[in-house]
Amino acid sequence: MTLHDLEKSFQAKIDAEIKIEPKDWMPDAYRKTNLRQISQHAHSEIVGMLPEGNWITRAPSLKRKAILIAKVQDEAGHGLYLYAAAETLGTSREQMIDDLHSGKAKYSSIFNYPTLTWADMGAVGWLVDGAAILNQVMLCRTSYGPYARAMVRICKEESFHQRQGFDALLVLSKGTPEQKAMCQDAINRWWWPSLMMFGPKDSESTNSDQSMKWKIKRKTNDELRQHFVDMIAEQIKLLGMTLPDPDLKWNAEKMHYDFGEINWEEFWNVVKGNGPCNKQRLEARNKAHQEGEWVREAALAYAAKKAERLQKRVA
Amino acid sequence: MSIRIQKFYYGDIPEEKSGAFMPSSMANEASSGWPLWEVFIRSKQGLDHKHAGSLHAADAAMAIENARDVYTRRQEGISIWVVESKYVHASNPDDAESFYDPASDKVYRHPTFYDLPDEVKHM
């Protein structure tokens, strides 16, 4: 079969909604795109533990602390599902971790913003996880089998993340004037970065959309973002809070909310490494990895010793 | 073949915008080298163990403990099998057509192939 034939039968499979599995033939660019996307997604889960880990020791009650620990543990698990999915494409875990730690690989820029108050834990759960879920629900139907299966598992677990966030904000929104102010302040700071999570506007791209054609993605950035705005603009009414956008308005003609322009300069700045916490996050990851090195080595040495003893006993 | 992917999505920031920087603490480390394990989980008594995913661990005991933490945080399992991935042998997807071909023309293996009188009722 020529390359052209292989590509044609590959696309025919995609068009027929047949999942691609690790050992199937796939175009190099399909492999690379998936690899980059899945590993970035995995890194986002891992780095995403840092802003929340910041509040575990300071959670206002034992209940909130237990919830937060469970959520952070889920994120570690999600990172692991995704790393395993990425490995099926032919990279190694070490390579991916090295790329994250050197700054070569990216993760979601949202985690380069600081979590300043307890209300941020609520806002992160409600807005940040809420935005992530929309993307992840779509990815449950992505064309690469291992990625889709990881996403199904993640989506099952993620729903509690958003609900606990809204629940935490709901309590604050009914609290003292100081608690209400803290709730509003967190929403003000997290709203715009959450909208940026969906990535650049569709109009920024002029080329044909290969990711859509390959069904890696099934919705555009703008479609997902609009869905998110429509959802949050309604939910915030239940909190009795406001979103920091004077242009946010229901458009009865479009049956969607209109909203203001995102600060794209800020978006690219944070992507390039100049966000409030980029340096801090990478340093925390590097430190954890280095300080864990002796544990990884000891575990291997112990396993080797045990295997050796077993062999002696057999012999 | 060269297809340029121009559109950027959430979780898919292109390399050329990456602006990598190296933190000073970056050291050249040895790789951990823990082998890969496949994890199979029985969700409840009476059901098969089913493939759940994979993970890295130094040995089998650690693989089982990690599998518990990664795959059964919400009581998804009552029994775990792990097997080092290198011991899994698989059929070749490229051969699928000829490999499974012998079964494709044997419709008489299915109960619906037999057209029986209605009076037989359940059979």
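## Aromatic cluster and helix packing in chain A

Ring pairs join A:Phe10, A:Trp25, A:Tyr30 and A:Trp214 into a cluster, where rings of Phe, Tyr and Trp (its six-membered ring) pair if their centres lie within 6.5 Å, with planes under 30 degrees apart counting as stacked, over 60 as edge-to-face and the rest as tilted. The model is predicted, so local features need pLDDT of at least 70 and side-chain atom pairs count only at pLDDT 80 or more, whereas totals for chains, interfaces and linings use all residues. Residues are numbered from 1 along each chain as its sequence is written, chains are lettered from A and ligands numbered from 1 in the order in which they are written, and side-chain values use heavy atoms, with hydrogens and water left out.

Over all chains, the structure holds 16 aromatic pairs. Two of these involve A:Trp214 and are set out below.

| Pair | Centre to centre | Angle between planes | Class |
|---|---|---|---|
| A:Phe10 and A:Trp214 | 6.5 Å | 85 degrees | edge-to-face |
| A:Tyr30 and A:Trp214 | 5.5 Å | 90 degrees | edge-to-face |

Both pairs link distant parts of the chain. A:Phe10 belongs to helix α1 (residues 3-15) and A:Trp214 to the loop between α9 (210-213) and α10 (221-239), 204 residues apart, while A:Tyr30, in helix α2 (residues 28-47), is 184 residues from A:Trp214; helices (H or I, at least four residues) and strands (E, at least two) are DSSP runs, numbered from the N terminus.

The relative accessible area is 2% for A:Phe10, 3% for A:Trp214 and 0% for A:Tyr30, so each of the three counts as buried (under 20% relative accessible area, with exposed over 50% and partly exposed in between, for a 1.4 Å probe and protein chains only). By contrast, A:Lys254, in the loop between β1 (249-251) and β2 (256-258), is exposed at 53% relative accessibility.

Turning to helix packing, α6 (residues 119-139) and α8 (residues 177-196) of chain A pack at an angle of about 30 degrees with their axes 9 Å apart, the axes being lines fitted to C-alpha atoms, for helices over the stretch in contact, and angles running from 0 to 180 degrees between N-to-C directions. The two helices α6(A) and α8(A) are therefore roughly parallel (angles under 35 degrees, with over 145 roughly antiparallel, 65 to 115 roughly perpendicular and the rest oblique). Among the residues that meet, with contact meaning heavy atoms within 4.5 Å, are A:Trp126 and A:Leu127 in α6(A) and A:Ile187 and A:Trp190 in α8(A).
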